[in-house]
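Look at the sequence and the structure shown below. The paragraphs after it go through a helix, a sheet and a patch on the surface.

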Amino acid sequence: MKRFLLPHLICPACLPKEYPLHLVAEHEHDGEIISGSLSCTKCKKRFPVKEGIANLLPDPDSSPAGAQWRYEEKGMTDRYLWSHYGDLLDNTVQEGTAAPWADCLSGSATTGFDAGCSVGRITFEMAQRCNLAVGCDLSHGFIKTARCLAQKRELDFTLPLEGNLTERFHLSLPESWRTDNVEFVIADALRLPFSANSFDQIASLNLLDRVSYPLAHLFEMNRVA
């Protein structure tokens, strides 16, 4: 987790009150917190940071429930990589929908937030137009993949063809893309761990129909915008 997030973080368990989180870093490297914890100054709840990933769910010890389990499967992550970054793969002519959505983003915003960011494509697009961009998702697998892509700027994945046959793909981010100003965290779109007015550009794509309380999500997005 990059340190530039710290001024924006609040305890998601204490909402609608906004109490800042206190960092206890165990290991850092190049300004990034690799391991440690964030604790609420009010309720004292602790939110872990492991392998650079901050778990900012209201109940960080909870496990994926119901259909959420399927988003933790590698095959699901690979399919999302295909659909979100297909236009960046050398061996495919898929156009995808990410580029048209990215064209809708403002070029004058300074801070961007992408709720339900999945494997991070729109967050990366925001980072090219903002000083900093943050993506959140419930899926640990999605967030881990997005952070890996931000750090290494490339990765390989496979998709099934037929039977045991698979096709291998190599994804590389364009050289012009910035990744130093982007971060991804595990968070709930219904209880966002960010203070009011943190972002001047927000996105919520393919998410409103998937949350249990759509109005709460809209309220939260309005609060942080």
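Two groups are in contact when heavy atoms lie within 4.5 Å of each other. The model is predicted, and contact of this kind is a way to start reading it.

Begin with helix 1, which covers residues 74-85. Helix 1 has twelve residues, and the distance from its first C-alpha to its last is 16 Å, close to the 16 Å expected at 1.5 Å a residue. Which residues of helix 1 are buried? They are Met76, Thr77, Asp78, Tyr80, Leu81 and Tyr85. Buried here stands for under 20% relative accessible area. These buried residues pack against two other helices, helix 3 (121-127) and helix 4 (140-152), and against strand 7 (154-162) and strand 8 (165-172). In an α-helix there are 3.6 residues a turn, so residues three or four places apart point the same way.

Next comes the sheet. Four strands make up an open sheet in the order 1-2-3-4, with antiparallel pairing. Strand 1 (21-29) and strand 4 (53-54) are at the edges; each has a single partner strand, so one side of each has no neighbour in the sheet. Within the sheet, strand 2 (residues 32-40) runs antiparallel to strand 3 (residues 46-50), and four bridges join them. Serine 37 is opposite proline 48 of strand 3. Strands of a sheet pair through backbone hydrogen bonds.

Last, turn to the surface. Leu208, Tyr213, Leu215 and Leu218 make a nonpolar patch of about 400 Å². Leucine 215 belongs to helix 5 (residues 214-224). Is leucine 215 buried or exposed? Leucine 215 is exposed, because its relative accessible area is 55% and exposed begins over 50%.

Note on methods: Residues numbered from 1 in each chain as written. Predicted model: local features only at pLDDT ≥ 70, side-chain atom pairs only at ≥ 80, totals over all residues. Heavy atoms only, no water. Patch = residues over 30% accessible without salt bridge, like charges linked within 9 Å, V, L, I, M, F, W, Y side chains within 5 Å. Areas by Shrake-Rupley, 256 points an atom, 1.4 Å probe, with all protein chains shown as cover. Salt bridge = Lys/Arg side-chain N within 4 Å of Asp/Glu carboxyl O. Buried < 20%, exposed > 50% of the residue type's maximum accessible area, 1.4 Å probe, protein only. Pairing = 2+ DSSP bridges. Expected span 1.5 Å × (residues − 1).
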